[in-house]
Amino acid sequence: MILVIGSNMTEAHPVAASFVKQAVLRGAQLYVVDPRRTALADMATLHIPIRVGSDVAFLNGLMHVLISENLYDREYVESRCTGFEKLKAKVQEYPPERASEICGISADMIRDVARRLASVKPGMLAYTLGITEHICGVSNVLSCANLQMLLGNVGFECGGVNPLRGQNNVQGACDMGALPNVFPGYQRVDNADARTKFEKAWGVKKLPDKPGLMIPQMIEGLTNGTVKLFYIFGENLANTEPDIRHVEHCLESAEFVVCHDIFQTETTRFAHVIFPAAAWSENDGTFTSSERRISRVRTASLPPGEAKPNWWIFKEIAKRMGHEWSAKSAREIWDNEISQLAPSMAGVKYARLRGDGLQWPAPNEEHPGTATLHRDRFTSGLGALTPVDWIPPAEVPDEDYPLVLSTGRRLYHYHTRTQTGRSAGLNDLLGEETADISPSDAKALSIGHGEMIGVKSRRGQVFVKANITDRIPQGVVWMAFHFREACANWLTNPAFDPITLTAEYKACAVRIEKVGEKTDQRI
Amino acid sequence: MSSGTFLLDGKTVSFRPGESILDAARKNATDIPTLCFLRGTTPTGACRICLVEVKGMRTLSAACSTPVSPGMEVLTDTPRVHAARKLNVELLLSSGRHDCLLCESSGNCKLQELAYRYQIDGSLFKKPDQFYPTEDANPLIVRDYSRCILCGRCVQACNELVVNRAISHGYRGAKSKIVTGGDAPYHQSECVFCGQCVEVCPTGALTEKKAKGTARAWETKKIRTTCPYCGVGCQMWLHVKDDRIVKVTAAEGAAPNRGRLCVKGRFGYDFIYSEERLKTPMIRENGQLREASWDEALDLVAAKLKETIERHGPDAIAGVSSARSINEDSYQMQKLFRSVIGTNNIDHCART
Ligand code: SF4
Ligand code: SF4
Ligand code: SF4
């Protein structure tokens with residue numbers, strides 16, 4: 001049994017989707033929870049089209065049924081989890097009828113789904129950014145975990161809570177400590193022992209002990225003057241962050257901006273210095289996938305012109321600031337530093353990464369790696385069931401902006417197309433953005449398929465062709481952020497989850513207008 | 001004889017219940033050639049190349065789709081088997097326009113291999129001279145019907161391996177053809193251009209448009225690497241000629257993707273050769289970017305960092321790392337920020 005929530009897998013993670021579809025062909029049940037009827041939903045046992053941003057209400061409703069009908073895995077919960085009573089009290093506030101009012105799924109269907117989920121074991125839950133890109137992203141994730149623990153599904157092969165990481169090395173960048181609060185291997189910067197360890201390893205007297213800023217705070221810091229120098233390595237923030245107009249204003253305010261990139265991007269327009277970087281197949285190194293698998297990246301050709309590996313650029317800057325780093329290759333960085341410093345990766349050495357790589361934790365060199373976490377007990381001891389409440393998105397439709405805009409990615413492109421836009425063929429398959437709208441909304445405004453329309457939010461406006469499709473529910477507009485001109489991020493709302501500061505890309509209020517009628521000037 | 005064994009070319013060998021003759025033979029290092037067989041999908045027995053003799057059976061059996069039974073006597077290399085395979089290869093070779101020297105797949109073609117192995121010249125039967133027109137209206141895949149042997153591997157791959165369900169066997173008899181739904185051109189069909197069909201095609205019927213004319217199979221070296229796009233982390237082979245990637249294929253049998261790739265992983269490699277790549281460091285001067293040397297650019301950045309630390313403290317500096325680049329790059333960047341600059345203001349788009 002597979003439950004997919006907030007994940008348009010066939011387009012964003014096509015190969016993962018193939019495995020899910022294969023499981024369905026072999027008889028697995030598939031439940032797809034998504035406001036849109038995605039391609040995966042076509043193969044599902046049930047498609048459950050909840051309203052945008054109502055995940056917690058729906059999941060709490062399911063858990064209400066599991067507990068009130070005594071369908072949850074009592075033995076698992078009693079032996080491996082804590083916090084059951086509190087969770088029970090919370091989900092009691094979400095009888096199916098109330099959940100139904102919020103999420104738009106009938107109470108009977110909520111009951112039916114809960115019973116079905118409880119009837120098969122193990123069951124896997126997979127989610128993507130449909131869960132995290134909300135102001136309640138953390139609550140959404142906790143809810144998914146609560147559900148899977150109640151069902152006794154965590155700690156088994158083909159079970160668990162499986163986030164599909166959007167980018168090839170998001171997992172790795174986290175593991176490496178490119179986060180404001182942790183060193184490599186998730187060792188906290190506010191832990192004195194961890195600091196001492198890294199101070200010794202890096203040969204410095206004192207490492208900073210206060211967790212640093214997250215991206216949205218950095219960007220805000222540029223306008224309020226707390227951040228003067230902004231160093232952007234391989235990210236196109238001017239297109240990927242919500243509310244492009246505001247972000248560009250912030251980038252303009254920086255005193256000094258340094259970029260590493262392989263191309264000029266919308267973001268390098270703000271740079272004072274740009275370093276030309278080696279790309280993917282011009283490097284030796286490692287990526288870490290969604291399943292914590294560390295795999296090798298190998299060099300096929302040399303970088304063009306004078307472009308250099310990024311790790312070399314950082315090393316050269318360190319040198320000019322009085323720090324000699326000894327590692328002379330990615331391999332030396334990994335073998336002599338990362339695996340020495342991150343206990344969960346201590347057993348990972350380049351020599352061991354020949355074939356299919358290794359899944360961390362691999363604490364020593366004999367360790368075969370770990371495919372499934374929390375096998376007999378939770379890594380942290382007991383699994384914490386954490387009660388959470390539903391909250392609506394930060395911006396909900398009203399009279400002026402009556403529709404919900406939700407965003408994501410399309411099959412043929414990747415992010416801001418710096419790569420796919422320059423790969424022959426891919427651009428031909430999808431050469432422009434569209435705004436996907438439902439037939440009923442199109443009819444109400446007498447918009448025809450392929451007609452240019454204006455999509456407007458409180459932050460901006462774009463002109464884009466309408467793609468009328470019954471995969472979109474009434475009241476929703478769906479767009480991607482691959483194309484600059486019609487990038488959804490001119491419109492999206494810079495409202496953030498209070499803990500992770502993940503932006504609410506998945507919901508903001510917009511209105512659509514026929515072009516030619518009264519539309520505001522292009523912003 | 002015990003129930004878990006059978007006789008393979010006179011030797012007693014074991015098998016697992018339900019195993020096909022082909023699988024049992026391969027496990028015992030006995031070679032049975034195949035064309036249509038595709039691991040991980042239902043055997044179809046379409047090509048009749050894996051024929052073997054089973055004692056007590058009047059006709060030859062297809063090894064891929066015949067399960068072993070206890071005590072079965074199987075012969076894989078008799079004159080009768082040889083003649084039958086040879087005849088079937090001869091028929092396949094005569095069914096189309098197999099002019100290897102012009103074919104993109106020369107050197108990477110199962111049919112060519114078998115023709116050589118069975119020493120066939122394809123002159124025994126009359127060849128058809130009419131074929132469906134080549135389908136190449138889309139930007140990525142070329143389907144040349146004159147080289148299609150209707151083995152069905154592409155159909156199996158599309159329907160059972162990647163489960164995109166875009167193509168099937170269409171029409172009948174001499175008109176047989178692999179078709180998309182409604183026999184529409186690929187880019188107007190359900191096809192999502194994962195290229196799995198191209199990867200498994202044993203002949204030159206399906207080829208990659210972008211790779212056309214760039215390299216012969218024997219001229220390339222293969223480099224194993226990891227896909228640069230999504231978080232699945234598919235394992236792939238880069239086919240490289242003269243330091244240039246000409247094609248990407250999936251690493252067969254490797255975790256996690258087990259031989260599959262999607263459209264981005266398979267076809268999204270040539271951005272690295274774009275003329276728009278940044279090739280020298282750049283410095284902004286009077287509002288304009290100009291080319292600079294590494295030393296000049298690195299010195300400037302180091303000086304600016306020092307100056308900012310002196311004037312405003314290390315926390316006035318913030319950095320964003322890349323979730324696309326290798327681990328070692330992110331490690332170096334956070335090390336620079338923490339140990340050299342002295343701030344924890346380092347993040348990446350972990351949440352997008
Ligand atoms: S196109 Fe290739 S794989 Fe498909 S049936 Fe023809 S020869 Fe076989
Ligand atoms: S490219 Fe992929 S989807 Fe299209 S026909 Fe081939 S296997 Fe099927
Ligand atoms: S081939 Fe496709 S599914 Fe596999 S990692 Fe690359 S982008 Fe993801």
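# Why these labels fit

Student: What lies 2.7 Å from the backbone oxygen of Glu220(A), and what makes that a polar contact?

Tutor: A polar atom in the side chain of Thr223(A). The cut-off for a polar contact is 3.5 Å between N or O atoms, and 2.7 Å falls within it, so the label fits. Keep in mind that this is a predicted model.

Student: Where does Thr223(A) sit, and why is it called partly exposed?

Tutor: Thr223(A) belongs to helix H12 (residues 215–224) of chain A. Its relative accessible area is 33%, and partly exposed runs between 20% and 50%, so that is the class it gets.

Student: Which residues does Thr223(A) touch, leaving out those up to four places away in sequence?

Tutor: His249(A), Cys250(A) and Ser253(A). As for Arg292(A), it is 69 residues from Thr223(A) along the chain, with 37 Å between the two C-alpha atoms.

Student: Okay, His482(A). Is it buried or exposed, and how do you know?

Tutor: Buried. Its relative accessibility is 1%, and the bar is under 20%, so His482(A) passes. You'll find His482(A) in the loop between strand E20 (476–480) and strand E21 (493–496) of chain A.

Student: What makes the backbone nitrogen of Arg410(A) a polar contact for His482(A)?

Tutor: A polar atom of the His482(A) side chain lies 2.9 Å from that nitrogen. The limit is 3.5 Å, so the pair counts. His482(A) also touches other residues, including His413(A), Tyr414(A) and Glu433(A).

Student: Now charges. Why is the pairing of Lys121(A) and Asp73(A) called a salt bridge?

Tutor: Side chains of opposite charge can pair when their charged atoms come close. For this pair the N to O distance is 2.2 Å, and the cut-off is 4 Å, so the rule is met. The two partners come from distant parts of the chain, 48 residues apart: Lys121(A) from the loop between helix H7 (107–119) and strand E5 (124–127), Asp73(A) from the loop between helix H3 (55–68) and helix H4 (74–80).

Student: How do you know which of those two partners is buried?

Tutor: Asp73(A) has a relative accessible area of 18%, under the 20% mark, so it is buried. Lys121(A), at 47%, counts as partly exposed.

Student: What makes Arg269(A) and Glu248(A) a link between separate parts of the chain?

Tutor: Arg269(A) is in the loop between strand E10 (256–261) and strand E11 (273–276), while Glu248(A) is in helix H14 (residues 244–253), so their pairing ties together parts 21 residues apart in sequence. The bridge itself is 2.8 Å, N to O. Arg269(A) is partly exposed at 44%, and Glu248(A) is buried at 13%.

Student: Are Arg459(A) and Glu395(A) buried or exposed?

Tutor: Both are buried. Their side chains meet in a salt bridge at 2.9 Å, which is within 4 Å and so qualifies.

Student: Which residues form one network of salt bridges?

Tutor: Glu316(A), Lys319(A), Arg320(A), Asp295(B) and Asp299(B), joined through shared partners.

Student: How many salt bridges cross the interface of chain A and chain B?

Tutor: The rule finds eight. Asp315(B) also forms a salt bridge with Lys210(A), at 3.5 Å between the closest N and O atoms; the limit is 4 Å, so that pair counts.

Student: How much area do chain A and chain B bury between them?

Tutor: About 11,000 Å², with 62% of it on carbon and sulfur atoms. In chain A, the residues that lose the most area to chain B are Trp280(A), Arg320(A) and Met321(A), together 7% of what that side buries. In contact terms, 143 residues of chain A meet 111 residues of chain B.

Student: Last one. Why is the site of ligand 3 called shared between chains?

Tutor: Residues from chains A and B surround ligand 3, so neither chain supplies the whole site. Among them are Pro14(A) and Val15(A) as well as Cys227(B) and Tyr229(B). By class, that shell has nine nonpolar, two polar and no charged residues.

Definitions and conventions
Residues are numbered from 1 along each chain as its sequence is written. Chains are lettered from A and ligands numbered from 1 in the order in which they are written. This is a predicted model: local features need pLDDT of at least 70, side-chain atom pairs count only at pLDDT 80 or more; totals for chains, interfaces and linings use all residues. Side-chain values use heavy atoms; hydrogens and water are left out. Helices (H or I, at least four residues) and strands (E, at least two) are DSSP runs, numbered from the N terminus. Buried means under 20% relative accessible area, exposed over 50%, partly exposed in between (1.4 Å probe, protein chains only). Contact means heavy atoms within 4.5 Å. Buried area is the accessible area (1.4 Å probe) that two parts lose on being put together, summed over both. A polar contact is a pair of N or O atoms within 3.5 Å; within protein, one must be able to donate a hydrogen and the other to accept it, and residues adjacent in sequence count only if both atoms are side-chain atoms. A residue is near a molecule or strand if one of its heavy atoms lies within 4 Å of it. Ala, Val, Leu, Ile, Met, Phe, Trp, Tyr, Cys and Pro count as nonpolar, Asp, Glu, Lys and Arg as charged, and the others, Gly among them, as polar.
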